[in-house]
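User: I should like a close look at one loop of this protein and at the strands around it. Please give the answer as one connected account.

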Amino acid sequence: VTAQYLRDEDGGSVQMSEVIDPSLDRVYGVSRGGSSSLDLYAITNLTGTPLMQLATVAVPFNSRPQFDAPSTNGNTLDSIDGRIFNATWRGGKLVASHTIQASSQLRVRWYEVNTNNWPVAGSPSLAMSGDVTGASGVHHHMPAVSINSAGDVSTMFTRSSTSITADIMVAGRRAGDPAGTMGMPINLESSSGNNYGSGRWGDYFGVDVDPVDDATFWGIGMSVAGSNGWRTSIFSWAISAPATTVAPTSITLDRGSIFAGGVGDLEISDDNRLQLRPGVVLSTSDHPIRARISAVSPHLTPSTIKVIVESHGSSAGISQVVEMFIPNSGTWEQVNVGNMTANIDGTIEVNITANAGRFVDGSGNVSMRLGYRATQPLLSFPWTARIDRAVWMITP
């Protein structure tokens, strides 16, 4: 292993994000850039000479904590400072959280940032942010946050006051909730002891998503044991019902041909790929590869459908369009379009939360259509589209 050292001389306490995409060729980090900004870091070329790039994202004003959180028996819990405590990236979104101070109250601040196509092109931007605030005299601090496959965001944190030693709390939001809002916090556990005098607190809480259903949240946090010492507790909770992964059962080619693989290669990300060759078209705007992929949904009226396609082209300059079939109208609706990476898998995830049931017929049939065409002259012909995974995650 060769160690590489990268440094931002103006940065401090950068949190590297967990990246929920095994095919992503970069990692992201984030730190508090100031009272109205976040500093985002992207580290690329991970297996060569790593390159660190920096971008600034404007966020609503926030102040660092200037006092420690009150607890019972005249004790306090260390609120640390305004540093970002944790971060998670998935599906083009980075979520992060930290403690802020508003007047004489500590609050949980969380962010959802669209990384867009940065650092390849463009800039990241703030999708939304919000505060989780307690009643007068009640303080929220030491948060952790994560995002699941349905786009639910949930945070776990400490609640304390002069009459509350330290409660482990959780709050969350569904992808379709009003921007910047979370539901009412729920108390997962209250401390048994009421005289924790060690000061230092948390270091740090953590929230992650169950790898099996990709929806259930798991959190780890600190409360006070009956002996007034440290107690670590682990919980799980759900915001939305877990989604069912639906794998394709059939492939129909409108244009093109199968060069290698089959429908069974589309279920999991394992480098066993369906490879398609182009057919003859009369116009450069047509897709010489167009494949209809079908399955049966376990739910006739789903609340959410996530479309996941992991693929790459045999060379640069090949575009991919993803469409979903609407049975009632007999039409196709485009849900994603973009250029594929060359020889390295890239993944697109499209969350459909508004009227997702329009894509499922009365028997549960659901179909996506993948189209591929060259957007520039290619050095080799025939080129191929290589699909490692094409599935739906369907939530009741």
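Where is the place of P119?

Analyst: The model is predicted, so that local features are given at pLDDT of at least 70 and side-chain atom pairs at pLDDT 80 or more, while totals for chains, interfaces and linings use all residues. Residues are numbered from 1 along each chain as its sequence is written, and side-chain values use heavy atoms, without hydrogens or water.

P119 is found in the loop that connects β10 and β11; the strand labels follow DSSP runs numbered from the N terminus (E, at least two residues; helices are H or I, at least four). The peptide bond leading from W118 into P119 is cis, and its omega is near 10 degrees.

Both strands flanking this loop belong to an open five-stranded sheet with mixed pairing, ordered β2-β8-β9-β10-β11; two strands pair if DSSP finds at least two bridges between them. β11, residues 125-132, is an edge strand of this sheet and pairs on one side only, as does the other edge strand, β2, residues 18-19. At the β2 edge, two bridges connect β2 with β8, residues 86-90, and these two strands run parallel. Here V19 lies opposite W89 of β8.

β8 also leads to a backbone feature in the preceding loop. I80 sits between β7 (76-77) and β8, and its phi is near 60 degrees, a positive value for a residue that is not glycine. I80 counts as buried because its relative accessibility is 14%; buried means under 20% relative accessible area, exposed over 50% and partly exposed in between, with a 1.4 Å probe and protein chains only.

A second cis peptide bond invites comparison with the one at P119. The bond from D203 to Y204 is cis, with omega near -15 degrees, and Y204 is placed in the loop between β15 (186-190) and β16.

Positive phi also occurs at D271, where the angle is near 70 degrees in a residue other than glycine. This residue is in the loop between β21 and β22. D271 counts as exposed because its relative accessibility is 52%. The two strands around D271 are antiparallel partners: three bridges join β21, residues 257-260, to β22. One of the pairings matches A260 with Q275 in β22. β22 is likewise joined to β29 by three bridges, again in antiparallel fashion, and L276 has A385 in β29 as its bridge partner.

These strands lead into the protein's interior. The largest nonpolar core has 33 residues, among which I305, V307, M324 and W392 touch the most other members; such a core is a set of buried Ala, Val, Leu, Ile, Met, Phe, Trp, Tyr and Cys residues joined through side-chain atoms within 4.5 Å. Two or more of its residues come from each of β22 (274-277), β23 (289-296), β24, β25 (318-326), β27, β28 (365-374) and β29. The greatest contribution, five residues, is made by β29. Neighbours within four places in sequence aside, V307 is in contact (heavy atoms within 4.5 Å) with V322, M324, I348, E349, V350, I352, M368, V391 and W392. Another core, of 22 residues, lies apart from the largest one and includes I168, Y196, V209 and F235.

To return to the request, P119 is in the loop between β10 and β11, and its peptide bond with W118 is cis.
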